[in-house]
Amino acid sequence: MLLKDFYTITQLTVKDHLATAHITINKNHEVFKGHFPGNPVTPGVCMMQIIKELTEQIVDQKLFMESASNVKFMAIINPEKTPDLVLELDIAQTDTGYKVKNTTMFEDTMALKLTNNYLVI
(Lines give C-alpha, C1' and ligand atoms only; values in the text may rest on other atoms or scores of the structure.)
Protein backbone atom coordinates (compact mmCIF):
# COMPACT_ATOMS: atom_id res chain seq x y z
CA MET A 1 0.00 0.00 0.00
CA LEU A 2 1.58 3.26 -1.14
CA LEU A 3 -0.37 5.38 1.38
CA LYS A 4 -0.19 3.48 4.65
CA ASP A 5 -3.59 3.09 6.36
CA PHE A 6 -5.38 5.14 3.67
CA TYR A 7 -8.07 2.51 3.15
CA THR A 8 -9.22 -0.89 4.34
CA ILE A 9 -10.56 -3.68 2.17
CA THR A 10 -13.70 -4.94 3.92
CA GLN A 11 -14.67 -7.44 1.21
CA LEU A 12 -13.14 -8.65 -2.05
CA THR A 13 -14.83 -11.12 -4.37
CA VAL A 14 -13.43 -12.31 -7.69
CA LYS A 15 -15.32 -14.36 -10.24
CA ASP A 16 -13.66 -15.01 -13.58
CA HIS A 17 -12.43 -11.60 -14.75
CA LEU A 18 -14.82 -9.53 -12.61
CA ALA A 19 -13.90 -8.31 -9.13
CA THR A 20 -15.90 -6.36 -6.57
CA ALA A 21 -14.09 -4.65 -3.73
CA HIS A 22 -15.72 -2.98 -0.75
CA ILE A 23 -13.35 -0.53 0.89
CA THR A 24 -13.49 2.08 3.63
CA ILE A 25 -11.45 5.28 3.35
CA ASN A 26 -9.71 6.36 6.57
CA LYS A 27 -11.13 9.84 7.22
CA ASN A 28 -8.33 10.52 9.73
CA HIS A 29 -5.49 9.95 7.26
CA GLU A 30 -2.81 12.66 6.98
CA VAL A 31 -3.64 13.36 3.31
CA PHE A 32 -6.94 14.99 4.33
CA LYS A 33 -5.15 17.62 6.45
CA GLY A 34 -4.11 19.24 3.18
CA HIS A 35 -6.86 18.08 0.82
CA PHE A 36 -8.80 20.03 2.09
CA PRO A 37 -8.92 21.23 5.73
CA GLY A 38 -12.52 21.37 6.93
CA ASN A 39 -13.81 19.88 3.66
CA PRO A 40 -11.93 16.63 2.98
CA VAL A 41 -11.92 15.31 -0.58
CA THR A 42 -10.37 12.01 -1.60
CA PRO A 43 -7.73 12.85 -4.22
CA GLY A 44 -8.33 11.33 -7.63
CA VAL A 45 -4.74 10.13 -7.83
CA CYS A 46 -5.31 8.18 -4.59
CA MET A 47 -8.36 6.50 -6.12
CA MET A 48 -6.29 5.54 -9.15
CA GLN A 49 -3.63 4.09 -6.84
CA ILE A 50 -6.26 2.05 -4.98
CA ILE A 51 -7.45 0.57 -8.30
CA LYS A 52 -3.87 -0.35 -9.19
CA GLU A 53 -3.25 -1.95 -5.79
CA LEU A 54 -6.48 -3.95 -5.94
CA THR A 55 -5.62 -5.16 -9.43
CA GLU A 56 -2.12 -6.17 -8.28
CA GLN A 57 -3.63 -8.16 -5.43
CA ILE A 58 -6.13 -9.88 -7.72
CA VAL A 59 -3.66 -10.83 -10.47
CA ASP A 60 -0.78 -11.39 -8.01
CA GLN A 61 1.69 -9.34 -10.06
CA LYS A 62 3.41 -5.96 -9.72
CA LEU A 63 2.03 -3.49 -12.24
CA PHE A 64 2.90 -0.14 -13.78
CA MET A 65 0.13 2.09 -15.12
CA GLU A 66 0.89 2.61 -18.79
CA SER A 67 -2.18 4.68 -19.68
CA ALA A 68 -5.56 5.84 -18.48
CA SER A 69 -8.55 6.69 -20.64
CA ASN A 70 -12.18 7.66 -20.22
CA VAL A 71 -11.36 8.98 -16.73
CA LYS A 72 -14.50 10.57 -15.30
CA PHE A 73 -14.66 11.85 -11.73
CA MET A 74 -18.39 12.22 -11.32
CA ALA A 75 -18.84 12.92 -7.59
CA ILE A 76 -16.72 14.12 -4.69
CA ILE A 77 -15.73 11.37 -2.27
CA ASN A 78 -15.81 12.98 1.17
CA PRO A 79 -14.41 10.45 3.67
CA GLU A 80 -16.39 11.98 6.52
CA LYS A 81 -19.73 11.57 4.73
CA THR A 82 -19.22 8.60 2.40
CA PRO A 83 -16.14 6.58 3.39
CA ASP A 84 -17.56 3.24 2.18
CA LEU A 85 -16.97 2.58 -1.51
CA VAL A 86 -17.69 -0.26 -3.91
CA LEU A 87 -15.24 -0.71 -6.76
CA GLU A 88 -16.05 -2.99 -9.66
CA LEU A 89 -13.08 -4.09 -11.76
CA ASP A 90 -13.39 -5.79 -15.13
CA ILE A 91 -9.89 -7.19 -15.67
CA ALA A 92 -8.73 -8.42 -19.08
CA GLN A 93 -5.27 -9.82 -19.74
CA THR A 94 -3.37 -8.24 -22.64
CA ASP A 95 -0.10 -9.14 -24.39
CA THR A 96 1.89 -6.93 -21.98
CA GLY A 97 -0.26 -6.81 -18.86
CA TYR A 98 -3.86 -5.98 -18.03
CA LYS A 99 -6.65 -3.67 -19.08
CA VAL A 100 -8.97 -2.71 -16.23
CA LYS A 101 -12.35 -1.04 -16.55
CA ASN A 102 -13.44 0.41 -13.21
CA THR A 103 -16.56 1.92 -11.72
CA THR A 104 -16.49 3.27 -8.18
CA MET A 105 -19.68 4.02 -6.24
CA PHE A 106 -20.84 5.12 -2.83
CA GLU A 107 -24.45 4.49 -1.86
CA ASP A 108 -26.35 4.97 -5.17
CA THR A 109 -23.88 7.51 -6.56
CA MET A 110 -21.39 6.84 -9.33
CA ALA A 111 -18.17 8.57 -8.24
CA LEU A 112 -15.59 7.40 -10.77
CA LYS A 113 -15.33 5.58 -14.09
CA LEU A 114 -12.08 4.85 -15.88
CA THR A 115 -10.10 2.42 -17.99
CA ASN A 116 -6.44 1.77 -17.16
CA ASN A 117 -3.79 -0.23 -18.97
CA TYR A 118 -1.07 -1.79 -16.82
CA LEU A 119 2.25 -3.33 -17.73
CA VAL A 120 3.57 -6.24 -15.71
CA ILE A 121 6.89 -5.25 -14.10
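Modeller: Buried means under 20% relative accessible area, exposed over 50%, and partly exposed in between, with a 1.4 Å probe and protein chains only. This is a predicted model, where local features need pLDDT of at least 70 and side-chain atom pairs count only at pLDDT 80 or more, while totals for chains, interfaces and linings use all residues. Residues are numbered from 1 along each chain as its sequence is written, and side-chain values use heavy atoms, leaving out hydrogens and water.

Biologist: Why is K52 called buried or exposed?

Modeller: K52 has 16% relative accessibility. The limit for buried is under 20%, so K52 counts as buried.

Biologist: What makes K52 and E56 a salt bridge?

Modeller: Their closest N and O atoms are 3.1 Å apart. A salt bridge needs a side-chain nitrogen of Lys or Arg within 4 Å of a carboxyl oxygen of Asp or Glu. K52 and E56 form one. Both lie in helix α1, four residues apart, about one turn of the helix. E56 has a relative accessible area of 11%, so it is buried as well.

Biologist: How many salt bridges does the whole structure hold?

Modeller: Two. K33 and E30 also meet in one, at 3.1 Å from N to O. K33 is at 56% relative accessibility, so it counts as exposed. E30 is exposed too, with a relative accessible area of 56%.

Biologist: What makes a stretch a helix or a strand, and how many of each are there?

Modeller: Both are DSSP runs, numbered from the N terminus: helices are H or I with at least four residues, strands E with at least two. The protein has one helix and six strands. Their order is β-β-α-β-β-β-β.

Biologist: How do you know that β4 and β5 pair?

Modeller: Pairing takes at least two DSSP bridges between two strands. Eight join β4 (residues 84-93) to β5 (residues 97-106), and the two run antiparallel. One of the partners in β5 is K101, which bridges to D90.

Biologist: Which strands are the edges of the sheet?

Modeller: The open, antiparallel sheet has the order β1-β2-β4-β5-β6-β3. β1 (7-15) and β3 (63-73) each pair on one side only, as edge strands.

Biologist: Why is the protein called as compact as a globular protein of its length?

Modeller: Its radius of gyration, taken over C-alpha atoms, is set against the globule rule: 2.2 Å times the number of residues to the power 0.38. The radius is 14 Å, close to the 14 Å that the rule gives for 121 residues, so the protein is as compact as a globular protein of that length.
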